[in-house]
Amino acid sequence: MALLLLLHVLLVTVVARPPAAHAWGKDGHYMVCKIAESFLTEEASTAVKDLLPGWAGGDLAETCAWADRQRFRYRWSSPLHFADNPGDCKFSYARDCHNTKGEKDMCVVGAINNYTAALEDSSSPFDPTESLMFLAHFVGDVHQPLHCGHAEDLGGNTIIVHWYRRKSNLHHVWDVNVIETAMKEFYDNDLSTMTQAIQRNITEEWANEEKQWETCRSRTKTCADKYAEESSKLACKAYEGVEQDSTLEDDYFFAALPVVQKRIAQGGVRLAAILNKIFGGNSRLQSS
Ligand SMILES: *[C@@H]1O[C@H](CO)[C@@H](O)[C@H](O)[C@H]1NC(C)=O
Ligand SMILES: *[C@@H]1O[C@H](CO)[C@@H](O)[C@H](O)[C@H]1NC(C)=O
């Protein structure tokens with residue numbers, strides 16, 4: 001009896017354990033997509049709505065965590081959420097963009113190029129609804145610094161830390177904990193309040209840089225390689241002073257939060273620019 005119970009507990013623990021996270025949490029993705037929606041041209045907004053699945057209720061943001069739920073159904077999609085490096089704070093497409101089998105293009109940057117190309121090509125065999133949901137998710141992911149972290153520790157997943165009193169890991173701190181703590185401390189636990197605060201910064205605090213965020217002069221399909229390079233630099237700072245079993249509290253939180261908020265803003269603005277280019281024929285921002 002006791003043994004059976006123990007077995008049951010063990011089984012439940014194994015089954016209920018979340019897979020190693022490799023994505024902004026649901027909230028991070030939601031905010032990236034909400035911000036993107038507000039910068040879409042009318043043409044792009046219509047085209048996006050036409051592609052959304054019925055369950056999205058006409059809201060792109062509702063679909064932006066979909067890709068995380070497909071990791072078991074589409075096992076091949078797992079490596080598309082990140083692009084880790086050997087620890088030199090750089091991103092090199094040729095070196096870093098592959099899966100563990102060494103198949104090239106299988107990383108977050110390759111995926112953004114892949115789904116942008118698929119949406120631009122009406123003869124693409126890929127399901128356009130899925131392409132849109134993958135694209136919206138991966139543009140968020142490439143902006144999360146620890147998605148371009150060190151391969152050795154799986155982008156911080158194996159660095160166990162305490163976030164204040166709770167056990168976490170460095171990757172999860174950047175995916176979820178910083179956002180959760182900010183929501184609780186500053187935004188009344190309300191996601192739209194936090195989203196609006198970031199949005200206000202885009203039009204005020206960051207008004208001058210925002211045009212540069214979306215500028216993309218590149219011979220490649222998108223500028224996703226540039227976004228990965230930025231993330232790998234930010235990841236380097238995120239690792240500083242953090243060891244196995246470190247306790248991360250206010251000092252770390254107040255250093256990380258502005259970075260997280262700005263990356264969410266950049267992700268949103270750039271996702272809109274990509275979608276405007278695909279569907280709207282131009283990449284001019286049209287804030288609404
Ligand atoms: C491109 O998209 C297709 C369809 O989802 C997928 O099978 C393929 O693995 C993707 N490749 C990359 C590099 O994202
Ligand atoms: C607004 O911008 C300032 C300056 O960059 C930054 O410190 C702050 O965290 C930002 N707030 C939000 C909500 O993005």
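**Exercise 1.** In this predicted model, decide whether Asp245 is buried, partly exposed or exposed.

*Solution.* Start with the relative accessible area of Asp245, which is 54%. The cut-off for exposed is over 50%. Asp245 is therefore exposed. Next, find its place in the chain: Asp245 sits in the loop between α10 (224-239) and β3 (247-248). Finally, look at the backbone. Asp245 has a positive phi of about 75°, although it is not a glycine. Most residues other than glycine have a negative phi.

**Exercise 2.** Classify Asp105 by its relative accessibility and state where in the chain it lies.

*Solution.* The relative accessibility of Asp105 is 31%. Buried requires under 20% and exposed over 50%, with partly exposed in between. Asp105 therefore counts as partly exposed. Its position is the loop between α4 (93-96) and α5 (108-120). The phi of Asp105 is near 75°, a positive value in a residue other than glycine. Asp105 is also one of the residues that surround ligand 1.

**Exercise 3.** Describe the surroundings of ligand 1 and find which side chains place a polar atom by one of its oxygen atoms.

*Solution.* First list the shell: Trp76, Leu80, Asp105, Met106, Ala111, Asn114, Tyr115 and Phe126 surround ligand 1. Then sort these residues: six are nonpolar, one is polar and one is charged. Now take the polar contacts, for which the cut-off is 3.5 Å. A polar side-chain atom of Asn114 lies 2.4 Å from an oxygen atom of ligand 1. For the side chain of Tyr115, the distance from an N or O atom to an oxygen atom of ligand 1 is 2.7 Å. Last, consider cover: ligand 1 on its own has 360 Å² of accessible area, and the protein covers 78% of that.

**Exercise 4.** Do the same for ligand 2, and name the element that gives the most to its shell.

*Solution.* The shell consists of Tyr187, Ala197, Ile198, Asn201, Glu205, Trp206, Pro258 and Gln261. Five of the shell residues are nonpolar, two polar and one charged. Three side chains can be checked for an N or O atom by an oxygen atom of ligand 2. The distance is 2.3 Å for Asn201, 3.1 Å for Gln261 and 3.4 Å for Trp206. Taken alone, ligand 2 exposes 360 Å², of which the protein buries 67%. Two elements, α8 (191-203) and α11 (250-280), give two or more residues to the shell. The element that gives the most is α8, with three residues.

Terms used
Residues are numbered from 1 along each chain as its sequence is written. Chains are lettered from A and ligands numbered from 1 in the order in which they are written. This is a predicted model: local features need pLDDT of at least 70, side-chain atom pairs count only at pLDDT 80 or more; totals for chains, interfaces and linings use all residues. Side-chain values use heavy atoms; hydrogens and water are left out. A residue is near a molecule or strand if one of its heavy atoms lies within 4 Å of it. A polar contact is a pair of N or O atoms within 3.5 Å; within protein, one must be able to donate a hydrogen and the other to accept it, and residues adjacent in sequence count only if both atoms are side-chain atoms. Accessible areas come from the Shrake-Rupley method with a 1.4 Å probe; for residues, only the protein chains shown count as cover. Helices (H or I, at least four residues) and strands (E, at least two) are DSSP runs, numbered from the N terminus. Ala, Val, Leu, Ile, Met, Phe, Trp, Tyr, Cys and Pro count as nonpolar, Asp, Glu, Lys and Arg as charged, and the others, Gly among them, as polar. Buried means under 20% relative accessible area, exposed over 50%, partly exposed in between (1.4 Å probe, protein chains only).
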